[in-house]
Amino acid sequence: MDIRTGLPLPSIGEIAAQLTVYFLVEDYLNYWLHRLLHTKWCYEKIHRVHHEFTAPMAYAAWYGHWAEMLILAVPSLAGPAIVPCHVTTLWIWFAARLVESLNIHSGFKLPFNAEKYIPFYGGAEHHDYHHYIGGQSKSNFAPVFTYCDYIYGTDKGYRFHKATLAKLKELAGSNVKKRDGN
């Protein structure tokens, strides 16, 4: 990687453009590698360690087999390798990726969550479903955005799950109203 270290520092626009490319490249490559990790051999030998946590917990973000950590480092480094940057941007990228990974494994919908502001951002709820259904998961492989899951149809189970929960909430709400009215 051709990382610049001297002055001048990059502009906010340059940093934003590079981070956008890094997130998109990392998300696409990570989607496919994560799907690979859910094949029978890779899951049994490598990825099952990460799925020991079925409940959301930020610690689970980096809990995994050493080989998985190496495999999933490739997408994170691919963006900076394709679009070289200043070391400042690289550190911002690593910090943003770490915070995002902790966020999707946290189980929390924080008030300032990116879900509200960024189209196709999956967030904790999206990734929680992936861990909830466990090793048999053929759903929600994307780490950040949901466009790959949507395009390749790996979010159908999740969308069905969300629709079912919405119907149950609606039914529960109408039952409460009926009881209150009696």
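In the predicted model, helices α1 (12-37) and α4 (87-106) each supply at least two residues of the lining of the largest pocket. The greatest contribution to this lining comes from α4, with six residues. The volume of the largest pocket is about 430 Å³. Its lining comprises 21 residues, of which V99, E100, N103, A114 and Y121 are the closest to the pocket centre. By class, 16 of the lining residues are nonpolar, four are polar and one is charged.

The second largest pocket has a volume of about 360 Å³. It is likewise lined by 21 residues, and those closest to its centre are N30, W62, L72, R97 and S101. Helices α1, α3 (66-82) and α4 each supply at least two residues of this lining, and α4 gives the most, with six residues. The lining of the second largest pocket divides into 10 nonpolar, eight polar and three charged residues. Helix α4 is thus the leading contributor to the lining of the largest pocket and to that of the second largest pocket.

S101, one of the residues closest to the centre of the second largest pocket, is found in helix α4. With a relative accessible area of 7%, S101 is under the 20% limit and therefore counts as buried. When neighbours within four places in sequence are left aside, the contacts of S101 are A61 and W62. W62 is also listed among the residues closest to the centre of the second largest pocket.

Six salt bridges were counted in the model. One of them joins the side chains of E26 and R97, with an N to O distance of 2.9 Å. E26 belongs to helix α1 and R97 to helix α4, so this pair ties together parts that are 71 residues apart in sequence. Both partners are buried: E26 has a relative accessible area of 0%, and R97 has a relative accessibility of 9%. R97 also appears among the residues closest to the centre of the second largest pocket.

A further salt bridge links E44 and K40, whose closest N and O atoms are 2.8 Å apart. Both residues lie in helix α2 (residues 40-45), four residues apart, about one turn of the helix. An α-helix has 3.6 residues a turn, so residues three or four places apart point the same way. E44 is partly exposed, at 40% relative accessibility, whereas K40 is exposed, at 63%.

The side chains of D155 and R159 also form a salt bridge, at 3.1 Å from N to O. In this pair D155 is buried, with a relative accessible area of 7%, while R159 is partly exposed, with a relative accessible area of 39%. Elsewhere, salt bridges that share partners join E26, R97 and E100 into one network. E100 is in addition one of the residues closest to the centre of the largest pocket.

The largest nonpolar core consists of 16 residues, and the members that touch the most others are L19, Y22, F23, Y31, W93, V144 and F145. Helices α1, α4 and α6 (147-151) are the elements that give two or more residues to this core. The most come from α1, with five residues. Another core lies apart from the largest one; it has five residues, including L37, C42, A67 and L72. In soluble globular proteins, nonpolar side chains tend to be buried together. L72 of the smaller core is also among the residues closest to the centre of the second largest pocket.

For F145, a member of the largest core, the contacts beyond four places in sequence are F23, L24, D27, I118, P119, F120, Y121 and G122. Among these, F23 is another of the core residues that touch the most other members, and Y121 is one of the residues closest to the centre of the largest pocket.

Helix α5 (residues 123-133) has 11 residues, eight of which are buried, so the helix is largely enclosed by the rest of the structure. The buried residues of α5 are G123, A124, H126, H127, D128, Y129, H130 and H131.

Notes:
Residues numbered from 1 in each chain as written. Predicted model: local features only at pLDDT ≥ 70, side-chain atom pairs only at ≥ 80, totals over all residues. Heavy atoms only, no water. 1 Å grid on protein atoms, 1.4 Å probe; cavity = no way out; pocket = protein on both sides within 12 Å on 5 of 7 lines; lining within 4 Å. Points joined across faces, edges and corners; volume = space filled by probe spheres on them. Nonpolar A, V, L, I, M, F, W, Y, C, P; charged D, E, K, R; others polar. Salt bridge = Lys/Arg side-chain N within 4 Å of Asp/Glu carboxyl O. Buried < 20%, exposed > 50% of the residue type's maximum accessible area, 1.4 Å probe, protein only. Core = buried A, V, L, I, M, F, W, Y, C linked by side-chain atoms within 4.5 Å. Contact = heavy atoms within 4.5 Å.
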